[in-house]
Amino acid sequence: MVKKRVAVLISGRGSNMAALIEAAETDDYPAEIALVVSNRSEAAGLAHARQQGVATEFIDHGKFGGDREAFERALDDALRAHRIELVCLAGFMRILTPWFVGRWSGRLLNIHPALLPQFKGLDTHRRAIEAGATSHGATVHFVVADIDAGPIVAQESIDVRDDDTEAALAERVLEVEHRLYPLALRAVAEGRAKLDASQAQNG
Ligand code: GRF
């Protein structure tokens, strides 16, 4: 089996990245984590990736001023230099332009800690509790130009408990994420989940 070469883009802790690296170590997994890129040098995930023997790149978005596309061209160059075929966003805190999203269309995934289309954006666990949601969870989706809006590859829900705190709920959702992302990446790498060209344009 020829494994798909995958890059994981992070900005921080990198626990989803670690889950993907671990899953990809299995012989029958259809993807290998060939590169981890961070826009923050201090991201804990970068050190972890290095320890695991995964190639890493730090691309400082600050260096490009406000020019998002210039940052993304550097990112795109790094991905191409490492012959990357699929890209997984995992806590990558940069908004991507339509240029980059279009270039990687159908090959770009994100994980979001909520049951999309509910609770797009940040602070999803707090907002779910405040809204009185009885279920919550995580979603892996193809990235389109609109934020947290692309077609869903995989989703798993859990119950919200009456006495849940933001931290407790976040912890249980994170466990779901670590299971879900490797499953979703497997489905995309095996060609079982594909982005429909007509959906690529939409939010
Ligand atoms: C996760 O909750 C992910 O869903 C969200 O950002 C968080 C990243 O956590 N997009 P980690 O860096 O993977 O630990």
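Let us start inside the structure, at Glu72: setting aside neighbours within four places in sequence, this residue is in contact with Ile95, Leu96, Thr97, Trp99 and Phe100. Please keep in mind that the model you are looking at is predicted. Glu72 sits in helix H3, and one of its contacts can be described in more detail: the side chains of Glu72 and Thr97 make a polar contact at 2.4 Å. What is the nearest side chain of opposite charge to Glu72? That is Arg68, 6.3 Å away, and Glu72, although buried, has no salt bridge. The distance is beyond the cut-off here, because a salt bridge needs a nitrogen and a carboxyl oxygen within 4 Å.

From this buried charged residue, we can turn to the nonpolar ones. In soluble globular proteins, nonpolar side chains tend to be buried together. In this model, the largest nonpolar core has 40 residues, and the members that touch the most others are Val8, Ile33, Val36 and Leu185. Which helix gives the most to this core? Helix H6, spanning residues 166-189, contributes 10 residues.

Val36 is a good place to pause and look around. Beyond its neighbours within four places in sequence, Val36 is in contact with Val8, Ile10, Met17, Leu46 and Ala49, and also with Val54, Ala55, Thr56 and Glu57. Val8, then, appears both in this list of contacts and among the core members that touch the most others. Another core lies apart from the largest one; it has 20 residues, including Leu9, Val37, Phe92 and Phe100. You have met Phe100 already, as one of the contacts of Glu72.

Now for some details of the backbone. If you follow the chain past helix H3 (68-81), you come to the loop that leads to strand S4 (86-89), and Arg83 is found there. Its phi is positive, near 50°, in a residue that is not glycine. Is Arg83 buried or exposed? Arg83 counts as exposed, because its relative accessibility is 56%.

Further along, the loop between strand S5 (108-112) and helix H5 (124-130) holds Pro117. A cis peptide bond joins Leu116 to Pro117, with omega at about 10°. Asp123 lies in the loop between S5 and H5 as well. Asp123 is not a glycine either, yet its phi is positive, at about 55°. With a relative accessibility of 43%, Asp123 counts as partly exposed.

Definitions and conventions: Residues are numbered from 1 along each chain as its sequence is written. This is a predicted model: local features need pLDDT of at least 70, side-chain atom pairs count only at pLDDT 80 or more; totals for chains, interfaces and linings use all residues. Side-chain values use heavy atoms; hydrogens and water are left out. A nonpolar core is a set of buried Ala, Val, Leu, Ile, Met, Phe, Trp, Tyr and Cys residues joined through side-chain atoms within 4.5 Å. Buried means under 20% relative accessible area, exposed over 50%, partly exposed in between (1.4 Å probe, protein chains only). Helices (H or I, at least four residues) and strands (E, at least two) are DSSP runs, numbered from the N terminus. Contact means heavy atoms within 4.5 Å. Lys and Arg count as positive and Asp and Glu as negative; His and the chain ends are not counted. A polar contact is a pair of N or O atoms within 3.5 Å; within protein, one must be able to donate a hydrogen and the other to accept it, and residues adjacent in sequence count only if both atoms are side-chain atoms.
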